[in-house]
Amino acid sequence: MQEFAMHLRDEAGTNALGVALARVLAPGLVIFLHGELGTGKTTLTRALLHAAGHAGHVKSPTYTLVEPYTIALNEKQVELLHFDLYRMASPDEFLDAGFREYFNENAICIVEWPDKAGAALPLPDIHVFLHVDGLGRKVELQGLSDKGSQCLDRLNFAPNL
């Protein structure tokens, strides 16, 4: 398992991490974002999406549960799905909504509040843990699969420079 931790001084650091993560995305990747309200999960995803080429507005899918985006990876169009499961009451809701079918080798899925869907979700390739740390954030990244570890191996990020 590949893992590392860092301190981000401010929102610009969170945005820079999102840009760096966008450079190592791969089709089929599943990323779980963990952290309390206001720790920067949506901020990180927004920066990642913009760096991956999405030019439009990126909103939190808190009420829609999922927002789909199309990005280009190696000149190929890839669907990136941003899930926010905060309002889900049970894993059954995730299954009933048919969300499991989005998790495939052609899409990238980023999931906020994955604990709300529990075992209904496939295993992640990468865990991202965000914690408030003074005025900044403590971030821990864990590559759990070969694909996730390879992405983190390629991650070129130096916080707060």
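Good morning. In this predicted model, helices α1 and α2 are oblique to each other. The reason lies in the angle: α1, residues 11-22, and α2, residues 41-51, pack at about 45°, and an angle counts as oblique when it is neither under 35 degrees, nor over 145, nor from 65 to 115. Two packed helices are described by the angle between their axes and by the distance between those axes. For α1 and α2, the axes lie 7 Å apart. The crossing of the two helices is right-handed.

Which residues of α1 meet α2? On the α1 side they are Glu-11, Thr-14, Asn-15, Leu-17, Gly-18, Val-19, Leu-21 and Ala-22. On the α2 side they are Thr-43, Leu-44, Ala-47, Leu-48 and Ala-51. Sorted by class, this contact contains eight nonpolar residues, four polar ones and one charged one.

Let me stay with α2. How many of its 11 residues are buried? The number is eight, so that α2 is mostly covered. The buried residues are Lys-41, Thr-42, Thr-43, Leu-44, Thr-45, Ala-47, Leu-48 and Leu-49. Their packing partners are α1 together with the strands β2 (30-34), β3, β4, β5 and β6 (126-133). Just after the helix, Gly-53 takes a positive phi of about 110°.

The loop between α2 and β3 holds Ala-52. With a relative accessible area of 11%, Ala-52 is buried, because the limit for that term is under 20%. Leaving aside residues up to four places away in sequence, Ala-52 touches Ala-22, Leu-25, Ile-71 and Ala-72. Ala-52 and Ala-20 are 32 residues apart in sequence, and their C-alpha atoms are 9.8 Å apart in space.

I turn now to the nonpolar cores. In soluble globular proteins, nonpolar side chains tend to be buried together. Here the largest nonpolar core has 33 residues, and the members that touch the most others are Leu-25, Ile-71, Ile-108 and Val-128. The largest share of this core, four residues, comes from α1. Another core lies apart from it, with 18 residues, among them Leu-65, Ala-107, Ala-120 and Leu-121.

What does Leu-25 touch, beyond residues up to four places away in sequence? The list is Ile-31, Leu-48, Ala-52, Ile-71, Leu-73, Leu-80, Ile-108 and Arg-154.

A second residue to examine is Leu-33, found in strand β2. Leu-33 has a relative accessibility of 2% and therefore counts as buried. Residues up to four places away in sequence again excluded, Leu-33 touches Lys-41, Leu-44, Thr-45, Ile-110, Val-111, Glu-112, Trp-113, Pro-114 and Val-128. Two of these partners, Lys-41 and Leu-44, are also on the list of buried residues in α2. Between the C-alpha atoms of Leu-33 and Asp-84 the separation is 9.5 Å, although 51 residues divide them along the chain.

Phe-99 sits in the loop between α3 (91-96) and β5 (107-112). Is Phe-99 buried or exposed? Its relative accessibility is 7%, so Phe-99 counts as buried. The contacts of Phe-99, apart from residues up to four places away in sequence, are Leu-65, Val-66, Phe-83, Met-88 and Phe-94. Leu-65 was named a moment ago as a member of the core of 18 residues. Phe-99 and Asp-125 are 26 residues apart along the chain, and 18 Å separates their C-alpha atoms.

Finally, I come to the loop between β3 (66-73) and β4 (76-84), where we find Asn-74. Although Asn-74 is not a glycine, its phi is positive, at about 50°. Asn-74 has a relative accessible area of 78% and is therefore exposed, the cut-off being over 50%. In space, Asn-74 and Ala-26 are 9.5 Å apart from C-alpha to C-alpha, while in sequence they are 48 residues apart.

Glu-75 is placed in the loop between β3 and β4 as well. Its phi is near 65°, again a positive value in a residue other than glycine. At 83% relative accessibility, Glu-75 counts as exposed.

To close, I return to the opening pair: α1 and α2 are oblique to each other, and eight of the 11 residues of α2 are buried. Thank you.

Methods:
Residues are numbered from 1 along each chain as its sequence is written. This is a predicted model: local features need pLDDT of at least 70, side-chain atom pairs count only at pLDDT 80 or more; totals for chains, interfaces and linings use all residues. Side-chain values use heavy atoms; hydrogens and water are left out. Axes are lines fitted to C-alpha atoms, for helices over the stretch in contact, and angles run from 0 to 180 degrees between N-to-C directions. A crossing is left-handed if the near helix is turned anticlockwise from the far one by less than a right angle, and right-handed if clockwise. Contact means heavy atoms within 4.5 Å. Ala, Val, Leu, Ile, Met, Phe, Trp, Tyr, Cys and Pro count as nonpolar, Asp, Glu, Lys and Arg as charged, and the others, Gly among them, as polar. A nonpolar core is a set of buried Ala, Val, Leu, Ile, Met, Phe, Trp, Tyr and Cys residues joined through side-chain atoms within 4.5 Å. Buried means under 20% relative accessible area, exposed over 50%, partly exposed in between (1.4 Å probe, protein chains only).
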